[in-house]
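Please open the model in your viewer and keep the sequence panel visible. The tour below proceeds by selections, each followed by a description of what is found there.

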Amino acid sequence: MNWYQSSHLPSTGLKRRDVLRGAGILTGLAIASQLPRRLVAQPAFSGYPFSLGVASGNPLPNSVVLWTRLAPNPLSGGGMPAYNVPVQWQVAADANMRRVVKSGTEVAVPEFAHSVHVDVRGLQPGQTYWYQFKAGNEVSPIGRTRTAPARGERLDRLRFALANCQDWQNGYYTAYKHLAEEDLDLVVHVGDYIYEYGPQPGGPRQHNGPEIFSLEDYRNRHALYKTDANLQAAHAAFPWVVIWDDHEVENNYASGISEVDGEPDQDPAVFLRRRAAAYQAYYEHMPLRKSSLPYGADLRLYRRLTYGDLAQFNVLDTRQYRSDQPCGDELKPLCDAALDPNATLTGKAQERWLFQGLQQSSAQWNILAQQVMFSQFDFDARPGVQLFNMDQWDGYVAARNRILTFLEQQKVSNPIVLAGDIHSSWVHDIKRDFNKPGSPTLGTEFVATSITSDFPTQFIAPVTAALSNNPHTKFFNGALRGYLRCALNRKRWRSDYRVVSTIAAPQATISTLASFVVENGQPGAQRA
C-alpha cells in the first residue's frame, strides 16, 4: 500500500549573490535548484506543511501543472528552515490514488518560498486525473485536474467559470464553495487575486499587516488568501488559468509607473523593485509553468490555450506593458491622450501575438480573457456630457479600434471578450463603432462580477441611468457578488451570472441572476 492510500488527510484542504537580482529576485529556478544547499529528506515541520492546499493549472493535451507550497507557519514567512526539501508527487487515474500513472520528486527551495511547480508530461488528452504531494511524513490533500482535449479534436462541449477580484477584507469566499461544486473543465481567473492594501476596519475580515511592499509582505498576503478553505476547494477541484490585474502589485499601476502620489515607490527604480517582489510572489503561489519564471521585474504571463476545435483562449496581460492612463485616470471626458495611436494596453509585441493567434485559429469560439472592460461605456446620463473610465479600454481608443478592425477584416469566428475588474456584472454587444448603434456587431463581451470586492452602492443608480446612452449594453448589475459560468457547444454559448445571497457571512446560497446566449455565427447576446 502506498502512502497516498494509507495516510489520514487533514480537512483543509551557484553562489547566492549570483542568483539574486535587485531586490532579491531570482533569475531562474534552474539556478536555484543547483545551489549547494543541504537537502533534508525527512524534515521536522513545526506545523502541517500543506496549509495552503494544492492547485493545478495551464492544462495542455498531454500536460498540466501541479502546485503546492510547504508552509507550516504560512502567515509568518512560511515557517520553513533555509534548506531544500524533496517533495514527492503522484498522479492517478482514480480518486483513491490506486492507479498511479505518473510520479516523481521536485525539490522545494527557500529562494522560491518552498513552492513546488510540477509540469507533468505524458498524460492523455481530455482526461480527469487526481494528484497528491508528500514531504517527509506529511501528505497533502488530494486534488483533481483535467487535461485539455487534443489540439484540433472535434469537441462538442466545454464548461468553465470566470472569476476575479477577491478582496479578503470585504467578505467571505462562499462563492468559491459553490464554484467548487459545479461541473467544470477549468476556471479562468482574470486578476486581483490579492489586494495590497493595509487593514480597512469595517469589513468581516482584516488583512495581516499594513500595505505590502517587500517580497516577504507579498508572500504573507498570498498565504493569507490561500488559507481560505473555500478558495482551496476551488483550486483542488479544477485546473485554473490565471492572469493578474493591478492589485497583485498596486492599484491602477501601469507598466513601470506607480499609481499613488506620495507613496514611497514613486521613484521608478523603487517601484520596479516592488513590482519584482510582487511578480515573484505571484509566481510562487500560482500553478504556472517554469516558462513563467520572473526575470527581475519582468514575467511573461500572456499565453494561449486551445480546447480541441471548439475554443481558443487568448489570455492577455493588460498591466505589465500598458502606457500610463490618459487624462489623469479615473472617470473623465476623452482627452487627446485617450485617442493617441501610440497608447497601448497590451504593448506592441503582445498585440502582434494576439493578431497572429486569431488569424491562425481554427476554433469555433475565439476568447479574449483579459482584465478590464473592453466595450465603450459612457457613465454620465446627462445629455451632452460624457464620462469614460480611463483605466479601461475607453482610455486606449486607438488600441481597441485596431482590434475591432482586425476582427472585422479577418472575420474571426465568434469573438468573445471576458473581463473583470469593475466588481459588477455586464453584457455588451461589441460594435464596430460604439458611437453608431446601427454599426455591425462583431462579438460579445461578458464581464463577471467580483468574488467579494465592493461595487459602491451609490454608483448603482447613476450607472443604471446611463444605460440608455449605451444601447449596446444589454445587462448591468452592481449589487451582487459571484462568478460567471460559461457553457459552450457547437450551436451556442451560454453565460450564467451566478451570485451569492451575501458575502457578509460565511454561509450563503447561490442562484442564477441572469443568463445570456450567443448563437454560433450570430454575434451579440440574447436573454436565455
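**First stop: the unpaired cysteines**

Select Cys165, which is buried, with a relative accessible area of 1% (buried means under 20% relative accessible area, exposed over 50%, and partly exposed in between, for a 1.4 Å probe and protein chains only). This is a predicted model, in which local features need pLDDT of at least 70 and side-chain atom pairs count only at pLDDT 80 or more, while totals for chains, interfaces and linings use all residues. Residues are numbered from 1 along each chain as its sequence is written, and side-chain values use heavy atoms, with hydrogens and water left out.

Cys165 lies in the loop between β11 (158-163) and α4 (174-179); helices (H or I, at least four residues) and strands (E, at least two) are DSSP runs, numbered from the N terminus. Most residues other than glycine have a negative phi. The phi of Cys165, however, is positive, near 60 degrees.

Which residue carries the cysteine sulfur nearest to that of Cys165? It belongs to Cys486, 16 Å away, and Cys165 is in no disulfide (a disulfide is a pair of cysteine sulfur atoms within 2.5 Å). Select Cys486 next: this residue is likewise in no disulfide, and it is buried, with a relative accessible area of 0%.

**Second stop: the disulfide**

A disulfide is a covalent bond between the sulfur atoms of two cysteines. By the distance rule, the count comes to 1 disulfide. Select Cys327 and Cys335 to display it; the S to S distance is 2.0 Å. The torsion about their S-S bond is about -90 degrees, so the disulfide is left-handed. Cys335 is partly exposed, with a relative accessible area of 25%.

Now select Asp329, in the loop between β15 (311-315) and β16 (331-332). Its phi is near 65 degrees, a positive value in a residue other than glycine. Asp329 counts as buried, at 10% relative accessibility.

**Third stop: Asn208**

Move to Asn208, in the loop between β12 (186-189) and α5. Is this residue buried or exposed? Asn208 is partly exposed, with a relative accessible area of 27%.

Show the residues that Asn208 touches: not counting residues up to four places away in sequence, these are Leu75, Asn220, Arg221 and Leu224 (contact means heavy atoms within 4.5 Å). The side chains of Asn208 and Arg221 are joined by a polar contact of 3.1 Å. A polar contact is a pair of N or O atoms within 3.5 Å; within protein, one must be able to donate a hydrogen and the other to accept it, and residues adjacent in sequence count only if both atoms are side-chain atoms. The side chain of Asn208 also reaches the backbone oxygen of Asn220, at 3.2 Å. Asn208 and Arg221 are 13 residues apart along the chain, and their C-alpha atoms are separated by 7.0 Å.

**Last stop: two packed helices**

Finally, select helix α5 (residues 215-226) and helix α7 (residues 268-284), which pack at an angle of about 35 degrees with their axes 8 Å apart. Axes are lines fitted to C-alpha atoms, for helices over the stretch in contact, and angles run from 0 to 180 degrees between N-to-C directions. On the α5 side, the contact is made by Leu215, Tyr218, Arg219 and His222. The residues of α7 in this contact include Arg274, Ala277 and Tyr282.
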